[in-house]
Amino acid sequence: MEYELPERLIAQTPAERRTDSRLLVLDRGTGELQDRRFGDLVEFLRPGDVLVVNNTRVLPAKFRLRRRTGGRIEGLFLHERALGVWEVLLRNATRLKPDEVLTFVRDRKGDSSLWESSPLGPVVQRGLSPSSLQLDQNLGRGQWVVQVKPAQAAGDILARVGRTPLPPYLRRKTAEDAHDRLDAERYQTVYATQPGAVAAPTAGLHFTAPLLDELSRRGVERVELTLHVGLGTFAPVMVDDLADHPMHAEWYALAPLAAGTINHHRAAGRRIVAVGTTSVRVLESCVDAAGRLAPGSGWTRLLCYPPYEFRAVDALLTNFHLPRSTLLALVMAFAGIEPIRRAYLHAIERAYRFYSYGDAMLIV
């Protein structure tokens, strides 16, 4: 689906408070649209509903490197194949060659007393060895397999040198942008516990601990699963037939207790409310033809688009997505093409805020 979005409606910063976001409620049965606030979510969820959230945590995956010649390279961590073996995306890197060694450069605010620099420029925390990347295999389109030397856990290195990776439509002027600390906090759900994502499951950004507590008191049960959102979530659909789209793979995990809880509530006729398209992809990747979930973990390439039939989800909480995206295709499959088209036009006319830091939509 294509649509024209005024640039002013692309949210550049989050709402002052998470629950201040607006909430567009779409009833699939009647087609009715309601303009509400996110805090009103408690009015639309029932006792016995199961709220399924993605507990992935966004890594500080964006970093900078220096070549021996002094040139700077922008990097994005994508995946840790093994200890010390990463897949990364490197920008401004057309002249790089296998076996070249690049050193990390600190690219974030912090206590400068904790840092030291070598003559070549790597910045490391005192007491830790300098870290560098040796280019191993060029995967094309800026993606490389690299060797980290000395081998250290990705999370440990990125905690020292990384910054929050933001979508390209969120504009930040410099590495020391005033929004840096805000992004580190707000581009993360309050229940994020499992590090591994390079983008946030944005539908969950609107929740606060008090709101989750209120839902619990009202009899709404929360179940967690994990899907580490990857760079491919921003890849536009460039084909006319979605069946031909090369869907990206993302790692997921659904624990036995979570699967059993959802199965129990579904058997009792209660609703499964997925928070975000990422939660939907895990549930639909683990469900069988009878609608029962099996626990498991691995990589999913599931692409949901009309006329996909959902077996594990009864309601969906989501943000407003980019045109020609697989995320929008999933939402249209869930609610119908024309209802979503009408809802997006409604949201634009009423100046809802779009994309990662934007407003939310509940589809029931």
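So, before anything else, a definition: a cavity here is a set of grid points where a 1.4 Å probe fits but cannot get out, and its lining residues are the ones with an atom within 4 Å of a point. Keep in mind, too, that what you have in front of you is a predicted model.

Okay, why bother with a probe at all? Rolling a probe the size of a water molecule over the atoms shows where empty space is left.

How many cavities of 30 Å³ or more does the structure hold? There are 5 of them. Let's start with the largest cavity, which has a volume of about 270 Å³. Its lining is made of 22 residues. If you want to find its centre on your screen, look for Ala200, Thr202, Thr233, His321 and Leu327, which lie nearest to that point. Two elements give two or more residues to this lining: helix α5, residues 277–286, and strand β18, residues 315–319. And what is the lining like, chemically? It divides into 12 nonpolar residues and 10 polar ones, with no charged residues.

Now the second largest cavity. That one has about 70 Å³ of space. Its lining includes Pro14, Ala15, Arg18 and Ser21 from early in the numbering, then Arg186, Leu205 and His206, and finally Ser356, Tyr357 and Gly358. Here the split is 4 nonpolar, 4 polar and 2 charged.

Let me go back to α5, since we just met it at the largest cavity. Is this helix mostly buried or exposed? Well, 9 of its 10 residues are buried, so the helix is largely enclosed by the rest of the structure. The buried ones are Thr277, Thr278, Ser279, Val280, Arg281, Val282, Leu283, Glu284 and Cys286.

I'd like to stop at one of those, Arg281, which sits in α5. Why does Arg281 count as buried? Because its relative accessibility is 4%, and buried means under 20%. So what is around it? Leaving out residues up to four places away in sequence, Arg281 touches Leu227, Met247, His248, Glu250, Thr300, Arg301, Leu302 and Leu330. With Thr300 there is a polar partner as well: the backbone oxygen of Thr300 lies 3.3 Å from a polar atom of the Arg281 side chain.

Next helix: α4, residues 256–267. It has 12 residues, and from its first C-alpha to its last it reaches 16 Å, close to the 16 Å expected at 1.5 Å a residue. Which residues of α4 are buried? Those are Ala258, Ala259, Thr261, Ile262, Asn263 and His265. They pack against four strands and a helix, namely β3 (50–54), β14 (221–227), β15 (250–254), β16 (272–275) and, here it comes again, α5. After α4 comes Gly269, with a positive phi near 85°.

Speaking of backbone angles, let's do the loops. Two residues have a positive phi although they are not glycines. One is Asp99, at about 80°, in the loop between β7 (85–91) and β8 (101–105). Asp99 is exposed, with a relative accessible area of 55%. The other is Arg324, at about 55°, in the loop between β18 and α6 (326–335). Arg324 is partly exposed, at 29% relative accessible area.

Now look at Glu100, which lies in that loop between β7 and β8. Glu100 is buried, with a relative accessible area of 18%. Not counting residues up to four places away in sequence, Glu100 touches Arg67, Leu133, Gln134 and Leu135. And to give you a distance: Glu100 and Leu158 are 58 residues apart in sequence, and their C-alphas are 20 Å apart in space.

Last topic, cis peptide bonds. Where do we find them? One runs from Lys149 to Pro150, with omega near -10°. Pro150 belongs to the loop between β12 (143–149) and α1 (154–161). Another runs from Pro306 to Pro307, with omega near 10°. That puts us in the loop between β17 (296–300) and β18, where Pro307 has its place. And β18, remember, is one of the elements that line the largest cavity, which is where we came in.

Definitions and conventions. Residues numbered from 1 in each chain as written. Heavy atoms only, no water. 1 Å grid on protein atoms, 1.4 Å probe; cavity = no way out; pocket = protein on both sides within 12 Å on 5 of 7 lines; lining within 4 Å. Points joined across faces, edges and corners; volume = space filled by probe spheres on them. Nonpolar A, V, L, I, M, F, W, Y, C, P; charged D, E, K, R; others polar. Buried < 20%, exposed > 50% of the residue type's maximum accessible area, 1.4 Å probe, protein only. Expected span 1.5 Å × (residues − 1). Contact = heavy atoms within 4.5 Å. Polar contact = N/O pair within 3.5 Å; in protein donor to acceptor, adjacent residues only side chain to side chain.
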